[in-house]
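The following exercises are to be worked through with the sequence and the structure at hand. Each task is followed by a solution in steps.

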Amino acid sequence: MQQNHSVTEFILLGLTQDATTQKMVFVIFFIFYVGTVVGNLLITVTIKSSRTLGSPMYYFLFYLSLADSCFSTSTAPRLIVDSLSAKRIISYNECMTQVFALHFFGCMEIFVLILMAVDRYVAICKPLRYPTIMSQQVCTILIGIAWMGSFIHSIAEVILALRLPFCGPNLIDHYCCDLQPLLKLACMDTYMINLLLVTNSGAICTSSLVILMISYIVILHSLRNHSAEGRKKALSTCTSHIIVVILFFGPCIFIYTRPPTTFPVDKLVTVFYTIGTPFLNPFIYTLRNAEVKNAMRKLWRIKIASESKR
C-alpha cells in the first residue's frame, strides 16, 4: 500500500484505559463475539441443511448471517485481544485492511437488508408474480451485485484513507481503524476528504434507510387487503426486518453523516452497530420466525438421532 506519511504504525487507545474495566471489556465482548459467530453459524447451517427454508427470504438471510459474522470479525477479535494488551499497536497496512473489511461487510449487510425488503415487497404486494420475479437466478444475480457494490464502496474508502498524510501523533482514540478517527490525525485540511466520506458512506446509509422505510410503509399499507392470518405472518416477518434496520442504520447515520468531529459516545455507538447488532440479529430472526425455529429443532433431532446410532 502506498504510504503518504512518516507514520508506519498506530496505537489504538481502545474503549478504556482503566485496567479493571479492560478485563470487563474482555469478558463482555468475548461472550458477544462467540455468541455472534455461533448464532449466525447456526442460522447458515440450518438454512443450508433444511429443505423447507429454500425461499428467497432465507437465501438472503443466509448471506445476512454470513455478513454479520464477518462484519463483527473485522473489529471484535482485535478489541478482545487489545483489552488484555499493554500496547495496542496496529501497523499501517493492518489499519487499511481493517478499514476495507469494516466497510466491505458493513455495506454488504446494508445491500442484503435492501434485498430482503424487496423480497418481502414482491411476496406481499405481487404474490402471483413472486416465483417469476424472485427466481433463483435473479436472487443469485442480486447477491452478486451486492458483493460487487460492497467491494467498490470499500475500495473507495481505502483510497480516501490512503490519501491522508500522517506526520505527527499516531494515537487513535478508538478501538478500530476507520475514516473518522483517522481524519483527526491527518496533517492536512480534511474538509474534502470528509465531504467524500459523507457522500460515499453517509449517502449509502441515508438513502438505503429511506428506501427501506418507504418499502416497508408500502408493504404495511398493502396488508389491509390480506386475511387476518396472512397479515399476522407478514407483520411478524416485517417487524423483525424493521427492528434490524433501525438498530443498524441509526448508529451508521450518526457516525457517517456529520462534519469531521468526534464525540466521546462515538466508540459506544460504533460498538453497538459493529458488535451489538450482529449479536442480536440471530435472536431477532429466530425468535420471531416459526419456520427457522422448527427447522433448527428438526436439525437438532437429526443430529441427536445420528449420534445415538453410533
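**Exercise 1.** Does Leu-212 count as buried or exposed, and at what relative accessibility?

*Solution.* The model is a predicted one. Begin by locating the residue: Leu-212 belongs to helix α8, which covers residues 191-222. Next, apply the cut-off, under which buried means under 20% relative accessible area. Leu-212 has a relative accessibility of 0% and therefore counts as buried. Then list its contacts, leaving aside residues up to four places away in sequence: Leu-212 touches Leu-113, Ile-114, Ala-117, Val-245 and Phe-249. Finally, consider Ile-242, which is 30 residues from Leu-212 along the chain, with 8.4 Å between the two C-alpha atoms.

**Exercise 2.** Determine whether the span of helix α4 agrees with its number of residues.

*Solution.* Helix α4 runs over residues 92-125 and has 34 residues. The expected span is 1.5 Å times one less than the number of residues, so helix α4 should span 50 Å. Its end C-alpha atoms are 49 Å apart, which agrees with the expectation. As to its surroundings, α4 is mostly covered, with 25 of its 34 residues buried.

One residue of α4 may serve as an example. Ala-101 is found in this helix and, at 17% relative accessibility, counts as buried. Apart from residues up to four places away in sequence, Ala-101 touches Ser-74 and Gly-106. Ser-150 is 49 residues from Ala-101 in sequence, and their C-alpha atoms are 10.0 Å apart in space.

**Exercise 3.** At what angle do α2 and α4 pack, and how far apart are their axes?

*Solution.* First, describe α2 by itself. This helix covers residues 56-73; it has 18 residues and reaches 26 Å from its first C-alpha to its last, close to the expected 26 Å. Helix α2 is mostly covered, since 15 of its 18 residues are buried.

Second, turn to the pair. Helices α2 and α4 pack at about 160°, with their axes 9 Å apart. That angle makes α2 roughly antiparallel to α4, because an angle over 145 degrees is counted in this way. The crossing of the two helices is left-handed.

Third, identify residues in the contact. On the α2 side they include Phe-60, Leu-64, Ala-67 and Phe-71. On the α4 side they include Phe-105, Met-108, Val-112 and Met-116. A general rule assists in reading such lists: an α-helix has 3.6 residues a turn, so residues three or four places apart point the same way.

**Exercise 4.** Describe how α1 and α2 are arranged with respect to each other.

*Solution.* Helix α1, residues 19-49, packs against α2 at an angle of about 155°, and the axes are 9 Å apart. The two helices are therefore roughly antiparallel to each other. Their crossing is left-handed. Among the residues making the contact are Tyr-33, Val-37, Asn-40 and Thr-44 of α1, together with Tyr-58, Phe-62, Ser-65 and Ser-69 of α2.

**Exercise 5.** Which of the terms buried, partly exposed and exposed applies to Arg-231, and which applies to Glu-229?

*Solution.* Both residues must first be placed. Arg-231 lies in helix α9, which covers residues 228-256, and Glu-229 is also in helix α9. The cut-offs are then applied: exposed means over 50%, and partly exposed lies between 20% and that value. With a relative accessibility of 33%, Arg-231 counts as partly exposed. With a relative accessible area of 68%, Glu-229 is exposed.

The distances complete the description. Arg-231 is 107 residues from Ile-124 in sequence, and their C-alpha atoms are 9.5 Å apart. Glu-229 is 108 residues from Tyr-121 in sequence, and their C-alpha atoms are 18 Å apart. Residues up to four places away being excluded, Arg-231 touches Leu-223, Arg-224 and His-226.

**Exercise 6.** Where does UniProt place the feature "transmembrane region", and what is the helix content over residues 24-45 and over residues 57-80?

*Solution.* The unreviewed UniProt entry places this feature at residues 24-45, 57-80, 100-118, 138-162, 201-223, 235-256 and 268-287. Over residues 24-45 the model is 100% helix and 0% strand, with 31 Å between the end C-alpha atoms. Over residues 57-80 it is 92% helix and 0% strand, with 33 Å between the end C-alpha atoms.

Key. Residues numbered from 1 in each chain as written. Predicted model: local features only at pLDDT ≥ 70, side-chain atom pairs only at ≥ 80, totals over all residues. Heavy atoms only, no water. Helix = DSSP H or I, 4+ residues; strand = E, 2+ residues; numbered from the N terminus. Buried < 20%, exposed > 50% of the residue type's maximum accessible area, 1.4 Å probe, protein only. UniProt positions renumbered as here; feature names shortened; annotations may be inferred. Axes fitted to C-alpha atoms, helices over the stretch in contact; angles between N-to-C directions. Parallel < 35°, antiparallel > 145°, perpendicular 65-115°, else oblique. Left-handed = near helix turned anticlockwise from the far one by under 90°. Contact = heavy atoms within 4.5 Å.
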